Amino acid sequence: MWAVFLRLPFLPRFAFTPCVTDEEMISCSAPERQMERLRAIMHRLRGPGGCPWDAEQSHSSLISNLIEETYETVDAIRREDWVHLEEELGDLLLQVVFHGELAEEAGRYNLDDIARGICDKLVRRHPHVYSDGHAKDTTAVLNRWEEIKREEKGHEEQPYLHGVGKGLPAALRAGKLQKKAGKVGFDWPDLAGVLSKIEEEFQEVKDELPPVGAGATPALEAEVGDLLFSVVNLARKLGIDPEAALEGANVKFAEDGNTLAISAPDYDNDSTTANSGTVYVYRLKNLSLIHISEPTRQAEISYAVFCLK
């Protein structure tokens, strides 16, 4: 009633008052109370006499933390580091609890509301489990999920790809857009079409290449984007996660790529005359060239360092 009278856009809520003492926050080990303990600690850190840093944070200031913890969790999964994953999941959970605390302080909703919302959503979108719906396979489940989602969000009158993947990294969003478009037949029937499209886009990139010394043009940027989009589509058709594939290449370059082949002039030991075309291979450690003491090879080292800048 007061929310209507005051014209508030939400129902006011009382702040969470934890029934957990400081001593229990420090040493409580009961498994069934750990979520309560975490929530109480977060409330304590934000409250009077708590932590200045935690007290200063907002939803916006925590965005980078949320992204960082998400990617560190993904990294642990990709490396199959199951011990480290426990820690990363905890860091990620903290972000959820932190945002829940901020929302509760503002009187919008609390962690219980967040949990209730996802529970209700899971029940609604699994009618084949909790109601009289039917789904014979995973495809049917996903199709029904999308139908219910569109009904819930009132997107029946919106463009079909409305809101798909907003906020995701570009490669992930490209994959989601392509997958959803494919559900209504907007897709290549086989790999031949995908590969042909990649070749077409690659040629268009080459056609837009600027003269030597000139910068990239908006048209070239657009063509490179089309090429990347097509490569993501190839990965999707092959059942490959493009983000995982690219990260695998990153890891390979960072670890196995510690051996770099660097084109450099070939200086003879008894001469400063350079023989062009020779390729030297330098082992790198901690992003620095391994020390080479021979005076006659210092020119090679200097050239290699110049190439690495």
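Among contacts in the protein chain between residues at least 6 apart in sequence, those joining residues at least 24 apart make up 47%. The model is predicted, and its chain contains 14 helices and five strands. Of the 309 residues, 24% count as buried. The accessible surface of the chain amounts to about 21,400 Å², with 60% of this belonging to carbon and sulfur atoms.

The charged side chains may be considered next. The structure holds 18 salt bridges. One of the links between distant parts of the chain can be followed in detail: lysine 180 and glutamate 146 form a salt bridge, with an N to O distance of 3.7 Å. Lysine 180 belongs to helix H10 and glutamate 146 to helix H9, and the two are 34 residues apart. Lysine 180 is buried, at a relative accessible area of 11%, whereas glutamate 146 has 22% relative accessibility and therefore counts as partly exposed, the limit for burial being under 20%.

Glutamate 151 forms a salt bridge with arginine 144, and their closest N and O atoms are 3.9 Å apart. Arginine 144 is partly exposed, with a relative accessible area of 33%.

A further salt bridge joins lysine 197 to glutamate 201 at 3.1 Å, N to O. Because these residues are four apart in helix H11 (residues 191-207), about one helical turn separates them. Their environments can be stated individually: lysine 197 is partly exposed at 25% relative accessibility, while glutamate 201 is buried at 5%. Elsewhere, Glu24, Arg33 and Glu36 are connected in a network of salt bridges.

Glutamate 88, in helix H6 (residues 82-105), presents another case. Glutamate 88 is buried but has no salt bridge, and the nearest side chain of opposite charge, that of arginine 79, is 6.2 Å away. The 6.2 Å separation exceeds the 4 Å limit for a salt bridge. Leaving aside residues up to four places away in sequence, glutamate 88 touches Glu69, Glu72, Thr73 and Ala76.

Helix H6 also contains valine 96, which is partly exposed with a relative accessible area of 37%. Together with Met35, Leu93, Tyr109 and Ile114, Val96 forms a nonpolar surface patch with about 390 Å² of accessible area.

A positive patch on the surface consists of Lys149, Lys153, Lys176, Lys179 and Lys183. Helix H9 (138-153) and helix H10 (170-182) are the elements that each give two or more residues to the positive patch. Lysine 176 is located in helix H10 and is partly exposed, at 43% relative accessible area.

Definitions and conventions: Residues are numbered from 1 along each chain as its sequence is written. This is a predicted model: local features need pLDDT of at least 70, side-chain atom pairs count only at pLDDT 80 or more; totals for chains, interfaces and linings use all residues. Side-chain values use heavy atoms; hydrogens and water are left out. Patches are made of residues with over 30% relative accessible area and no salt bridge: like charges are joined within 9 Å, nonpolar side chains (Val, Leu, Ile, Met, Phe, Trp, Tyr) within 5 Å. Accessible areas come from the Shrake-Rupley method with a 1.4 Å probe; for residues, only the protein chains shown count as cover. Lys and Arg count as positive and Asp and Glu as negative; His and the chain ends are not counted. The place of a charge is taken as NZ of Lys, CZ of Arg, CG of Asp or CD of Glu. Buried means under 20% relative accessible area, exposed over 50%, partly exposed in between (1.4 Å probe, protein chains only). Contact means heavy atoms within 4.5 Å.
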